[in-house]
Amino acid sequence: MDRYQEQPHLLDHHLEGMMNSLLEIVWDSGSPPSLVHLAFKFLYIITKVRGYKRFLPRFPHEVRDLQPVLDMLAKQNPRDPETWETRYMLLLWLSMICLIPFDLARFDGNLTSLEGQARQPTMDRILDLAKCYLVVSDKARDAAAVLVSKFIVRPDVRQSRMADFLDWVLSMLSKSSSQTMEGTVIVNGMLQALAQLFKHGKREDCLPYAATVLECLDNCKLSESNQMVLRKLGMKLVQRLGLTFVKPKVAKWRYQRGCRSLAANLQPQGAAVQNQKREVAAAAPPEADDDEEYDIPGEIENVVEQLLVGLKDKDTIVRWSAAKGIGRITGRLPKELADDVIGSLLDCFSFQETDNAWHGGCLALAELGRRGLLLPSRISDVVPVMLKALTYDEKRGACSVGSNVRDAACYVCWAFARAYEPAELLPFISHISSALIIAAVFDRDVNCRRAASGTFPMALNILTAADYFAVGNRVNCYLTISVYIAGFPEYTHVIRELSTKALHNITQAPEYMANVVLPRLLPLSVGSDLHTRHGAILACAEITMLCVNWHKRIIENLKLFMFLAVPGGWQWLINDSLRHLPLVSKVICFPLLVTQYVSELQNTEEMVRCGFSRALGALPRFLLKGRLQQVLEGLKKVTIISPEDVSFAEARRDALIAIAKVCQTVGVKGDGSQQEYVCSGNVDQIYATLLTGVTDYTTDSRGDVGGWVREAAMTSLMEVTLLLVQNEAQLIHANTCKQIMCWLAQQSAEKIDKFRAHAGSVFLTLLHFDHPPVPHIPHREELERIFPRWEKEVLNWNAASEAFPRITQLLGLPAYQYHVLLGLSVSVGGLTETTLRYSAQSLFDYMKKIQSDPSALESFCETLLKVFEDNLRNDRVSVPLLTMLDQMLANGCFDMFTEQENHPFPVKLFALCKEEIKRSKDIRKLRSSIGVFCGLIQFQGDMREKVFFQLFLLLCHPFPIIRKTTASQVYEMLLTYSDVLDPAIMDQAMAILSDTNWEAELPVVRERRNCLCDLMKVPRPQLVPKVRWECTSDGAGTGGIWIFCAQFGTLPLAPLNISK
């Protein structure tokens, strides 16, 4: 059914057939309760997709259906959490059946039952069921509200039960508190029932009770509740009460555009007809308006006030409900009162109000405009507010809010464009179109750009260039669409004024930039707002780059602001900016003090390190000449992880990027000076620093932040290597090249798609580079066979299904085996389902290929043990490695060794696993080790007794979940490897494992564990007593020491010389 969520109407032709098939199961008396519930569950799924309003009329609703459905519903348990779908569908079904046009008293007959006891009337049974389900916490509450709305409005029920029911609802509302969970459930049900009742009931039936309900609702003070659903239901009920107070008449004063009939609108004389209608309306005598006047109840003021307050609610769904309420009620008010409502609504658009008020006000304006309730005389008041909303942005700490306001403002424009004749909007169209084009191209939020694009009344050629999908890409908006729209004279001024990167492309008239744009940007570059300074500085740099031919005019403008008149002006601006926003380092174009910048690399603030690292990477060659070694040493220190700056991942990333940029700037000269070139004297230091970055696996609250460093290190390694290959290839040593390729292979086998794809791309770039080829790549021929040149561009490293079958083939190459296996361990033992599935399958396929090659299998096992040994207690590797070993043992990857007694591989593996979990409290690690121990039972020799002993230790682990997991897996192990235990005691051992509550207290569990030990003739694990030693003086001043031992009591020692 999920496929039909977007177009559920496609199900309409099949609904009746599906319903009949399921209801046959329900009507069948032989169907078990579980099958009946399953049928109702499927009915609920269909209802959820199509909506109950379209599905409800298809239920059978004949007279004969009433009693069976009522009886089925009466048998349900309202508190059963497993069968709520059944109750939900039965309540909806009953709400349809209760519309039958017969008095319910006819169904009662003789109310005396066979036992002589009085039966409850059908009307009371239905009402009691509805009341029962209005106070439950599941979905059945919603269906009960629908039932109430259909049942209470029946003529026979309304006369005798409506007043009593409303009294019960109001008393429940008064007694319940929305501050408790139980009270919230009850209030929710009551509000839903009232909202549905006042929606479907006739006005004359509901009007006598409306004032009382409104008073009770005011006393509940729902606007102060922290429950969003209750506030939304309260807002819905308030507007329904307001609609009850006023007559259901469409206001004749509303603005009308066009006809309901499309054919009438398309007639040539359609416009003339509309003008004639307006003229007739304008010339109508005043008495016509007087006929519309009638007494408006005083409660309407209360209702409108609550709706206006609801427009400022913190939740969008509440504001949206209030906006719709404003539109509906205003449409029934006289013209003067409606205008007062609009005046109060415009008060929401004050800069003292929050973004919530602006958003709610925009939604309400759109509703009023869409319904024709905002007359053309008010457009001049609304358009300025709408233009401010299109650029609304309010800062809150390090972020800003307002995207929802701008999106809603686009909705207002959309509504106005379809509500008014073009002539009404003509005086404002230039301002609206300019604001919308800015939002469509330059708004930072993609939803706002798309909303403005779909709203903007532009020419077809602009509409084609800035359509829904084109504006979804921010880069495309700033660098392509903006340039295209700037070619239109109407928008040149707007576009050129409000872009930064786009200014670089739009500067087709440098004189205009020098005379108009630059003087406006320069004051912004020294303002107090850091973000504005950032954008202004970038814009100045982009303009200056293309305005070099007009440098005299620009310099004159710069002098006006004392940037060049004061020698340190630009220097101060850049230095100060670097301390806050590292991205502005791109604007560096004047001599910088290298020593000062290197010293700032050890600043205690991460952003300062980032900024100055990037600044050093952007320095021109003449500033680096003679200071290269100083710069490289400074950047190297930034990449070193210390306890104080372990979380400075962004600084390490920027330092690695800067190293590559510096190398590219200074160039390569094999026999050159270390202070001026990349040469034989410093190339090893550069590679060592970059290779260190590939091992950064730092994590913090942001996740794997070390991935940023690894990605930058891989990119820098590629750039430096290609630089050396094209200039001095002899500087690349064989060992260095091997390390680079091995580390890249490891990263290509790891679990995070983004970094795996980047590593794979760099790996293939180095492998297939031909100008000239990279020297010393291990196993080049085999690699080119695994990764053909033609697949370089088409191989999708992001897809685990494509990447892992290739990368696992590198396990057969000795130089890559260790690093690839290390990367695969993290992937195979990871948590991501897709990565785990394809990486594990690729590894198992490789293991099957080498089963017939003992030497290859021995080599693989040695490498595997080496990986484990090197990463003991390194949870990033050891935990997934244990999971991988569990899977490999279960899949028979080491079956060749099971026939040999005491084979070195399982013995060493057992020792490593035992050492890994020693004193560990990591539940995931312990559970993974249990699987490995159980897998090791298949190996013959002394191993089995050691494995049983270790598992029996875990059966009495302090953590109950570990004891339970161990018992379960040992049970499965004995079923799988039945030959490890004497058949005579197998059943008894299995019974102990399955019948014991391993989550019980330790003494009870220990006794059952010891029974297993005796049964299997495994030594019982012995408790090691905790010894507590206390040293005290003998009190005699002789220097004698008494030692208290918790196990043996107080023991005297010979006098000691305390001074010694």
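**Notebook: Asp12, the cores and selected loops**

I looked up Asp12 first and found that it counts as buried, because its relative accessibility of 17% falls under the 20% cut-off. The model I consulted is a predicted one. I placed Asp12 in helix H1, which covers residues 12–27. I then listed its contacts, leaving aside neighbours within four places in sequence, and recorded Arg50, Arg54 and Arg58.

**Entry on the whole protein**

I noted 52 helices and five strands in the protein. Of its 1060 residues, 49% are buried. I looked up the accessible surface and entered about 51,000 Å², with 54% of it belonging to carbon and sulfur atoms. For contacts with a separation of 6 or more, I recorded that 67% join residues 24 or more positions apart.

**Entry on the nonpolar cores**

I turned to the largest nonpolar core, which has 154 residues. Leu810, Tyr816, Phe894 and Leu974 are the members that touch the most others in it. Helix H38 (residues 706–727) supplies the largest share of this core, eleven residues. I recorded that the core lies between domain 3 (556–580 + 588–812) and domain 4 (905–1022), because both give residues to it.

I followed Leu810 further and set aside its neighbours within four places in sequence. Its contacts are then Ala745, Phe763, Leu783, Ile786, Phe787, Tyr816, Gln817 and Val820. Apart from this core I found another, of 141 residues, and I noted Trp93, Leu197, Ala409 and Phe416 among them.

**Entry on helix H9**

I examined helix H9, which has 20 residues and runs from 181–200. From its first C-alpha to its last the helix reaches 29 Å, close to the 28 Å expected at 1.5 Å a residue. I counted H9 as largely enclosed by the rest of the structure, because 16 of its 20 residues are buried. At the N-terminal end of H9, I identified Thr180 as the cap. A side-chain oxygen of Thr180 lies 3.1 Å from the backbone nitrogen of Gly183.

**Entry on Lys738**

I located Lys738 in helix H39 (residues 734–748). Its relative accessible area is 37%, and I entered Lys738 as partly exposed. Not counting residues up to four places away in sequence, Lys738 touches Pro778 and Ala815. I checked the pair Lys738 and Pro778 separately: they are 40 residues apart in sequence and 6.2 Å apart in space, C-alpha to C-alpha.

**Entry on backbone geometry in loops**

I inspected the peptide bond from His771 to Pro772 and recorded it as cis, with omega near -10°. Pro772 is found in the loop between helix H40 (753–767) and helix H41 (780–786).

I next looked up Asn902, which has a positive phi of about 55° although it is not a glycine. Asn902 lies in the loop between helix H46 (875–890) and helix H47 (904–916). With a relative accessible area of 35%, Asn902 is partly exposed.

I finished with Lys1017, whose phi is also positive, at about 60°, although it is not a glycine. I placed Lys1017 in the loop between helix H52 (1002–1016) and strand S3 (1029–1033). Lys1017 counts as exposed, because its relative accessibility of 72% is over the 50% cut-off.

Methods
Residues numbered from 1 in each chain as written. Predicted model: local features only at pLDDT ≥ 70, side-chain atom pairs only at ≥ 80, totals over all residues. Heavy atoms only, no water. Helix = DSSP H or I, 4+ residues; strand = E, 2+ residues; numbered from the N terminus. Buried < 20%, exposed > 50% of the residue type's maximum accessible area, 1.4 Å probe, protein only. Contact = heavy atoms within 4.5 Å. Areas by Shrake-Rupley, 256 points an atom, 1.4 Å probe, with all protein chains shown as cover. Core = buried A, V, L, I, M, F, W, Y, C linked by side-chain atoms within 4.5 Å. Domains from an automatic or database assignment. Expected span 1.5 Å × (residues − 1). Polar contact = N/O pair within 3.5 Å; in protein donor to acceptor, adjacent residues only side chain to side chain.
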